[in-house]
Amino acid sequence: MSDGHHHHRDHSQHHRDHPHDRHALSHEPHAHPREPRPHPTGPRRRTHRLRHLFTPHSHDSADKVDTALESSARGIRALWVSLGVLGLTALAQAVVVVMSGSVALLGDTVHNAADALTAVPLGIAFVLGRRAATRRFTYGYGRAEDLAGLVIVLTIAASAAFAGWTAVERLLNPRDMSHVPVVALAAVIGFLGNEGVARYRVRVGREIGSAALVADGLHARTDGFTSLAVLVGAGGSAVGLRLADPVVGLLITAAILLVLRDAAREVFRRVMDAVDPALVDAAEGALLEVRGVRGVGELRMRWIGHRLRAEVAVVVDGSLTLREAHEVAVEAEHVLLHAVPRLTAALVHADPQTAAGERDPHLTLAHHAPA
């Protein structure tokens with residue numbers, strides 16, 4: 001029996017292809033790092049089918065387009081709101097910095113301004129991600145979002161360096177802070193503005209699966225707490241502690257470095273195609289419920305922007321015809337699209353179960369495997 005696979009194409013390609021071109025034979029090498037898992041029977045399969053009956057759904061390409069565009073639109077809307085709120089916050093704080101000369105508030109203001117400006121590369125990335133795939137960019141432009149995440153990380157690093165340098169300079173050349181009550185008020189405004197933006201960005205980022213937007217939201221949350229630190233510095237200055245302001249500036253720098261670490265780790269994982277192992281477990285469990293799947297071989301998943309793609313080899317009865325194996329692959333893909341959040345495309349390859357003494361059909365490709 002020939003191997004068969006079914007590939008659910010992303011919306012950018014599907015509407016341009018002939019419908020009969022979606023089903024073809026695979027000539028890609030397939031490794032099997034794990035032994036195939038046995039296929040469960042009974043209640044688990046019936047549970048899935050009942051859930052399917054009572055959950056209306058559609059996998060039409062137009063629905064995929066609407067979902068993807070809506071995700072990008074929500075991300076862009078979140079960025080515009082964030083840019084407006086943080087821009088006004090930074091502007092109000094900048095006026096107070098000129099009046100008071102507070103180095104702690106200066107660091108907080110610069111960081112808020114930088115955080116607002118990170119909306120620009122991320123917004124560009126969301127717009128690019130909505131473009132259709134081309135013959136050159138066959139997976140689309142979703143990776144622009146990961147590049148924007150790198151820009152955000154560099155922006156956080158630059159703001160940390162500036163805040164630290166300013167605080168050290170003030171430690172070496174201390175001076176009194178003026179307009180202390182106004183500085184305290186600006187600190188409270190900074191906290192409220194950042195916390196509001198943080199909640200909004202993190203919520204929308206998690207809902208649409210954008211690691212860059214979540215990282216930006218966590219960045220804003222840390223900015224809120226650094227604004228409260230400015231409040232502490234203002235209190236110290238009010239009681240005559242001249243070094244309170246630059247010391248708080250150094251504490252703000254340390255807080256920025258902590259959020260830099262978390263944001264860099266999140267963006268690095270996304271760039272390196274890391275996914276939550278729980279998603280892999282969910283995909284494997286769902287595939288094993290499919291009628292005709294004897295086991296799950298190699299399973300790969302990757303993020304492209306805030307959309308998830310999967311490639312998997314499933315083991316089927318070697319006596320099935322190509323058409324029957326294809327039907328199993330289609331059902332496997334169908335189950336995956338339901339089981340894995342934000343999965344928009346899947347490539348399912350059907351491998352025949354090798355009988356005792358039968359030659360493994362993949363041996364022909366063995367010399368292509370990396371050393």
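Let's start at Arg201, which in this predicted model is found in helix α7. Leaving out residues up to four places away in sequence, Arg201 touches Ser82, Leu86, Asp115, Thr118, Ala119, Leu213, Asp216, Gly217 and Ala220. Is this arginine buried or exposed? Its relative accessibility is 0%, and because buried means under 20%, Arg201 counts as buried.

One name on that list deserves a visit of its own: Asp216, a contact of Arg201. Asp216 lies in helix α8, which covers residues 211-238. Like the arginine, this aspartate has a relative accessibility of 0%, so Asp216 counts as buried. Which residues does Asp216 touch, once those up to four places away in sequence are set aside? They are Asp115, Thr118, Leu122, Ile152 and Arg201. Asp115 and Thr118 are also touched by Arg201. Asp216 can be placed against Ala198 too: the two are 18 residues apart in sequence, and their C-alpha atoms are 7.8 Å apart in space.

Stay with helix α7 a little longer and find Val197, which lies in it. At 3% relative accessibility, Val197 counts as buried. Apart from neighbours within four places in sequence, Val197 is in contact with Ser82, Val85, Leu86 and Ala220. Ser82, Leu86 and Ala220 appear among the contacts of Arg201 as well. Along the chain, Val197 and Val81 are 116 residues apart, yet their C-alpha atoms are separated by 7.9 Å.

Now turn to Leu213, another residue that Arg201 touches. Not counting its neighbours within four places in sequence, Leu213 is in contact with Gly75, Ala78, Leu79, Leu122, Arg201, Val204, Gly205 and Ile208. Leu213 also belongs to the largest nonpolar core, a set of 36 residues. Those with the most contacts inside this core are Leu105, Leu122, Ile156, Leu213 and Val230. Which helices each supply at least two residues of it? They are α3 (61-100), α4 (103-117), α5 (119-129), α6 (144-172), α7 (180-208), α8 and α9. There is also a second, separate core of 29 residues, which includes Ala286, Val296, Val328 and Val348.

Helix α5 is a nice one to look at end-on. Its buried residues are Ala119, Leu122, Gly123, Ala125, Phe126 and Gly129. Down the axis of α5, these buried residues fall within an arc of 160 degrees, so they line one face of the helix.

Next, the strands. Where does β4 sit relative to the rest of the structure? β4 spans residues 307-316, and nine of its 10 residues are buried, so this strand is largely enclosed by the rest of the structure. Strand β3 (residues 295-304) runs antiparallel to β4, and eight bridges join the two. Gly295, for example, has Val315 in β4 as its bridge partner. Two residues lie between β3 and β4, which form a hairpin, and in its turn Gly305 has a positive phi of about 70 degrees.

β4 also pairs with β5 (residues 343-352), this time in parallel, through nine bridges. One of these pairings matches Val312 with Val348 in β5. Val348 is also included in the second core. Helix α11 (residues 322-339) joins β4 and β5 in making a right-handed β-α-β unit.

Two loop residues are worth a look for their backbone angles. Most residues other than glycine have a negative phi. Asp273, although not a glycine, has a positive phi of about 65 degrees. Asp273 is found in the loop between α9 (244-271) and α10 (277-287), and with a relative accessible area of 25% it is partly exposed. Arg342 is not a glycine either, and it too has a positive phi of about 65 degrees. Its place is in the loop between α11 and β5, and at 33% relative accessibility Arg342 counts as partly exposed.

Finally, step back to the whole protein chain, which has 11 helices and five strands. Of its 371 residues, 47% count as buried. Among contacts between residues at least 6 apart in sequence, 77% join residues at least 24 apart. The chain exposes about 18500 Å², and carbon and sulfur atoms supply 63% of that area.

Terms used: Residues are numbered from 1 along each chain as its sequence is written. This is a predicted model: local features need pLDDT of at least 70, side-chain atom pairs count only at pLDDT 80 or more; totals for chains, interfaces and linings use all residues. Side-chain values use heavy atoms; hydrogens and water are left out. Buried means under 20% relative accessible area, exposed over 50%, partly exposed in between (1.4 Å probe, protein chains only). Helices (H or I, at least four residues) and strands (E, at least two) are DSSP runs, numbered from the N terminus. Two strands pair if DSSP finds at least two bridges between them. A crossover is right-handed if, with the strands pointing away from the viewer, the path from the first strand over the helix to the second runs clockwise. Contact means heavy atoms within 4.5 Å. Accessible areas come from the Shrake-Rupley method with a 1.4 Å probe; for residues, only the protein chains shown count as cover. A nonpolar core is a set of buried Ala, Val, Leu, Ile, Met, Phe, Trp, Tyr and Cys residues joined through side-chain atoms within 4.5 Å. The arc is that of the directions from the helix axis to the C-beta atoms.
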